[in-house]
Number of protein chains: 2
Amino acid sequence: MRPEPTVRPVPDEIAPRAREIVSAARELLEEEGTEGLSMRRLAERLGIRAPSIYKHLPSKQALEAVLISEGFAEWAELAEQAVRDSDDPLPALGRAYRRFAQSHPHLYRLMTEQALARDMLTPGIEARAARPVIEAAGGDPDLARALWAFAHGMVILELDGRFPDGSDLDRTWRQGAAAFA
Amino acid sequence: MRPEPTVRPVPDEIAPRAREIVSAARELLEEEGTEGLSMRRLAERLGIRAPSIYKHLPSKQALEAVLISEGFAEWAELAEQAVRDSDDPLPALGRAYRRFAQSHPHLYRLMTEQALARDMLTPGIEARAARPVIEAAGGDPDLARALWAFAHGMVILELDGRFPDGSDLDRTWRQGAAAFA
DNA sequence: GTCTATAGTGGGATAGAC
DNA sequence: GTCTATCCCACTATAGAC
């Protein structure tokens, strides 16, 4: 049995007001990025003062952990659907991954550009997000990590504008999928 | 002819005092990371006050551009050497890349985790850093980008502690090199 | 549930004297 | 080349009144 995490950000049944705050935080994140996600600006968006948020959520880190958990859940949905709807799962997963990151670039950064506070996440959500990729890798977790590394590298370098303008990234994605097939 | 960059961070022949400041900044970066690299802390390390730095370097961004340019030059040296010393360039480049990132993790983050201020870099240095990889990709720049994405993904996910503890990352690197061979 | 007030910490950058 | 003084910005978080 896996022990229960020692720190929990928010009750399993999240309180209604906390729910509203998290939703506003998600909007703020999507619109202004991780740097724009401050407690002051979040409060401003809610029409309250920053200290009031702390009556509903214990810390900024806990708030981020909720957003990250929801991001993993959304990715898991998309990944499971991509596998269901395709008979060539690996490139389908790649396309879904790229689409997810590009649809929510700031959420994607929040989810990936830091160490994971695993104790604060929804239990089991990281494993659920990983499962479709591991299955596409024929059950080999090391190979699954290679796939993830390629996809993450492609996505984050594209988001950061690191590839030159003329780059044919569609072709590069296909080359990667072919290499790992 | 390529036009000269419109903004230059530091004269080509860098002044001696500026040289000392950049060296101290490199030490500070390596020891305390990108977040620890502030003008105040840098000044403290030099035994002066922060405003004095601005008599030698125009901005923090210019200082970072010098550090990034030097990082590219160091990587280029290592990459060129790895290709010279091996008759299987692709895995050798991968090992060199991983070693470079792990030897200078904070410099590596500074070099990769943001948009590149290309106008402020040493002219030509980005192309020189990319050349060995493009040659290992048989001259195909799109394939070279796939290689880079895989390597960067592996490195940055490892630096961020995103892979589970039991991961066999040596094996994953080999799998990646084999896939792209 | 929200408020005011405030603590404490950090940051980049500039003006002008010496 | 360095200094003091200062500006402005930002942030998380807490105490205690209402």
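In this predicted model, a side-chain N or O atom of A:H56 sits 3.1 Å from a phosphate oxygen of DNA strand C, a polar contact in the sense used here (a pair of N or O atoms within 3.5 Å; within protein, one must be able to donate a hydrogen and the other to accept it, and residues adjacent in sequence count only if both atoms are side-chain atoms). Chain A also reaches the backbone of this strand through A:R49, where a polar backbone atom lies 2.5 Å from a phosphate oxygen. From chain B, a polar side-chain atom of B:K60 comes to 2.8 Å from a phosphate oxygen of DNA strand C. Two elements give two or more residues to the surface near this strand, α3 (50–53) of chain A and α2 (39–46) of chain B, helices here being DSSP runs (H or I, at least four residues, with strands as E runs of at least two) numbered from the N terminus. Of the two chains' elements, α2(B) supplies the largest share, three residues.

Altogether 17 residues surround DNA strand C, and A:R17, A:R49, A:K55, B:S38 and B:Y54 come nearest; a residue counts as near when one of its heavy atoms lies within 4 Å of the strand. By class, the surface splits into five nonpolar, five polar and seven charged residues. In this scheme Ala, Val, Leu, Ile, Met, Phe, Trp, Tyr, Cys and Pro are nonpolar, Asp, Glu, Lys and Arg are charged, and the others, Gly among them, are polar. Among the atoms of DNA strand C within 4 Å of the protein, 57% belong to sugar or phosphate and the rest to bases.

Some ground rules apply throughout: residues are numbered from 1 along each chain as its sequence is written, with chains lettered from A and ligands numbered from 1 in the order in which they are written. As this is a predicted model, local features need pLDDT of at least 70 and side-chain atom pairs count only at pLDDT 80 or more, while totals for chains, interfaces and linings use all residues, and side-chain values use heavy atoms, with hydrogens and water left out.

Turning to DNA strand D, 16 residues surround it, with A:S38, A:R40, A:K60, B:R49 and B:K55 the closest. A polar side-chain atom of A:Y54 is 2.9 Å from a phosphate oxygen of this strand, and a side-chain N or O atom of B:S52 is 3.2 Å from another such oxygen type, a phosphate oxygen. B:K55 goes to a base instead: an N or O atom in its side chain lies 3.4 Å from a base oxygen of DNA strand D. Here α2 (39–46) of chain A and α3 (50–53) of chain B are the elements that give two or more residues to the surface. That surface has five nonpolar, five polar and six charged residues, and 58% of the strand D atoms within 4 Å of the protein belong to sugar or phosphate, the rest to bases.

The two protein chains also meet each other. In all, 36 residues of chain B are in contact (heavy atoms within 4.5 Å) with 36 residues of chain A. Between them the chains bury about 2,900 Å², 55% of it on carbon and sulfur atoms; this is the accessible area (1.4 Å probe) that the two parts lose on being put together, summed over both. On the chain B side, B:D142, B:R145 and B:R162 lose the most area, together 24% of what that side buries.

Polar contacts between the chains come to 20 residue pairs (both at pLDDT 80 or more). There are also four salt bridges between chain B and chain A, each a side-chain nitrogen of Lys or Arg within 4 Å of a carboxyl oxygen of Asp or Glu. In one of them, A:D140 pairs with B:R171, the closest N and O atoms being 2.8 Å apart. On chain B, α6 (105–112), α8 (141–159) and α9 (169–180) each bring at least two residues to the side that touches chain A. The largest share, 12 residues, comes from α8(B). That side is made up of 17 nonpolar, nine polar and 10 charged residues.Chain B superposes on chain A by a rotation of 180° with 0.0 Å of shift along its axis (RMSD 0.0 Å), fitted by least squares on the C-alpha atoms of residues with pLDDT of at least 70 in both. The two copies are thus related as by a two-fold rotation axis.
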